[in-house]
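Hi everyone, thanks for coming. I'd like to walk you through one structure today, with the pockets up front and the aromatic rings after that. Let me put it on the screen.

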Amino acid sequence: MTEATIRLADCYDGLLMDLDGVVYIGNDAVPGAAEALDTAQACGLPACFVTNNASRPPGAVAAHLQTLGIAATPSTVSTSAGAAAAIAQGLVEAGASVHAVGGEGVAEALRAVGLTPLRTPQQHPRANEPPRPSAVVIGFGADVGWRDLAWASYWISGGAHFIATNFDRTFPQPWGAAPGNGVFVSAVHEATGVRPTVAGKPEATLFHWAAQQRQWRRPLVVGDRLDTDIAGAVNSGYDGLVVLTGVTDIHDLLRADVRMRPTMIASDLAVLAGSLLPIAAVGVSDDRWQASGWSATVNRATNGWRVDLEHADPAGDQAPLQGHQGLAATLACAAVWSRFPHGVPDGSVEIHGWPD
């Protein structure tokens, strides 16, 4: 590598880690993730696991991670429900009732900040109406139904604060994408005309709250999604690292909107204990971006543009800690983003020489 590389433990005081696609995929840990996180911790770079999923309390998330061999406790998990509860705490009086829509994670987060979660009443609004809540928090729950959203709409229309844990429109399932919390929130917005305050990614609130809880001044956001993890890092003013173990691939990166561009790219979490080359630090000479024997150039193609990647001696060079794909992506993005700082004009860009 070069003098332009940075050692993560020297530059950041903590890791704000996404989960699915970064630490685990489905029911399995990403290979090497547990060891990488342990090594980072030993180097003075602790991790906080940050998730938009509000249905599970931190203890349940931590227990799941422990079954995968990943060191985690409830105190190392921050959920969008917790961030939403912190927003509610700042808007209502201590001990106030808050309508909790969603899984147990929403109710537990409200109790943790001294508020009283109110579950959806079963009676008609005009029959022995219960005390009105001061706020409504809507988070994902598999059992959320029409009655929950109807009461939420009724109370929000009557003046209750409207808070959403997150606005994810889909909730991944083994068989495909299912409606997510954003669908519930949109339904209530349509019914009331009131826009919610959103706590989770890509808004800054969840990241800021998680960092403040731990008194971190310069955390690094680590994720696999540009539209939530990296957009959230940009909105928060934090650096972002994308790993290529999840949904984002090189084509997504090259076409990324300027508000979703990471600071660094790596093949996987093995980078956490070592040094990386930030995209902005890639050296350029005669329109050729170069590092560690790799080079990238941008050229015209038949239908748009093409990035040509070359490696001087693939067989004789050990993969850098960043990983061959991580370093190749870093150079390719440096070349394309420098050429097109506001995005590729027609969105079409090919890549040649991508390492397997």
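Before the pockets, one definition: a pocket here is an open set of grid points where a 1.4 Å probe fits, with protein on both sides within 12 Å along at least five of seven lines. Please also keep in mind that this is a predicted model.

So, how big is the largest pocket? Its volume is about 1000 Å³. It is lined by 37 residues, and the closest to its centre are Asp20, Tyr24, Asn53, Phe171 and Pro172. Keep an eye on Phe171 in that list, please, as I'll return to that residue.

Which elements build the wall? At least two lining residues each come from strand S3 (24-25), strand S5 (47-51), strand S11 and helix H9 (226-236). Strand S11 gives the most, with 4 residues. By residue type, the lining of this largest pocket divides into 12 nonpolar, 15 polar and 10 charged.

Now the second largest pocket, with a volume of about 230 Å³. Here 14 residues form the lining, and Pro58, Val77, Gly82, Trp209 and Gln213 are the closest to the centre. Strand S6 (77-79), helix H5 (104-112) and helix H8 (205-213) are the elements that give two or more residues to this lining. Its residues divide into 7 nonpolar, 5 polar and 2 charged.

On to the aromatic rings. A pair of aromatic rings is described by the distance of the centres and the angle of the planes. How many aromatic pairs are there in this model? The count comes to 5 aromatic pairs. One of them is Phe140 with Phe171, a stacked pair at 4.0 Å centre to centre and 10° between the planes. This pair links distant parts of the chain, 31 residues apart: Phe140 sits in the loop between strand S9 (135-138) and helix H6 (146-157), while Phe171 belongs to strand S11 (residues 170-173). And are these two buried or exposed? Both Phe140 and Phe171 are buried.

So that's the return of Phe171: this residue is among the closest to the centre of the largest pocket, and it is also stacked with Phe140. Add Phe184, and Phe140, Phe171 and Phe184 form one aromatic cluster.

Let's move along to helix H6, where Trp151 and Tyr154 both lie, 3 residues apart, or about one turn of the helix. Why is this pair called edge-to-face? The ring centres of Trp151 and Tyr154 are 5.7 Å apart and the planes stand at 85°, and an angle over 60 degrees counts as edge-to-face. The partners differ in their exposure: Trp151 counts as buried at 3% relative accessibility, whereas Tyr154 is partly exposed at 26%. Tyr154 has another neighbour worth pointing at on the screen: Arg132 lies over the face of its ring, at 4.9 Å from the ring centre.

A quick stop at Gln322, in the loop between strand S21 (304-311) and helix H11 (324-339). Gln322 is buried, with a relative accessible area of 0%. What does its side chain contact? It makes a polar contact with the side chain of Thr330, at 3.1 Å.

Next, some backbone details. Most residues other than glycine have a negative phi, and most peptide bonds are trans. With that in mind, have a look at Lys201 and Pro202, which are joined by a cis peptide bond with omega of about 5°. Pro202 lies in the loop between strand S13 (197-198) and helix H8.

For positive phi, I have two residues to show you. Gln215 is not a glycine, yet its phi is positive at about 60°. This residue is in the loop between helix H8 and strand S14 (219-223), and it is exposed, with a relative accessible area of 69%. Asp286 also has a positive phi, near 50°. You'll find Asp286 in the loop between strand S18 (283-285) and strand S19 (288-291), where it counts as exposed at 75% relative accessibility.

Last stop: Glu350, in strand S22 (residues 349-352). Glu350 counts as partly exposed, at 33% relative accessibility. In sequence it is 42 residues from Asp308, and in space the two are 8.6 Å apart, C-alpha to C-alpha.

That's my tour. Thanks for listening, and I'm happy to rotate the view for anyone who wants another look.

Technical notes:
Residues numbered from 1 in each chain as written. Predicted model: local features only at pLDDT ≥ 70, side-chain atom pairs only at ≥ 80, totals over all residues. Heavy atoms only, no water. Phe/Tyr/Trp six-rings, centres within 6.5 Å; stacked < 30°, edge-to-face > 60°. Buried < 20%, exposed > 50% of the residue type's maximum accessible area, 1.4 Å probe, protein only. Lys NZ or Arg CZ within 6 Å of the ring centre and 35° of its normal. Polar contact = N/O pair within 3.5 Å; in protein donor to acceptor, adjacent residues only side chain to side chain. 1 Å grid on protein atoms, 1.4 Å probe; cavity = no way out; pocket = protein on both sides within 12 Å on 5 of 7 lines; lining within 4 Å. Points joined across faces, edges and corners; volume = space filled by probe spheres on them. Nonpolar A, V, L, I, M, F, W, Y, C, P; charged D, E, K, R; others polar.
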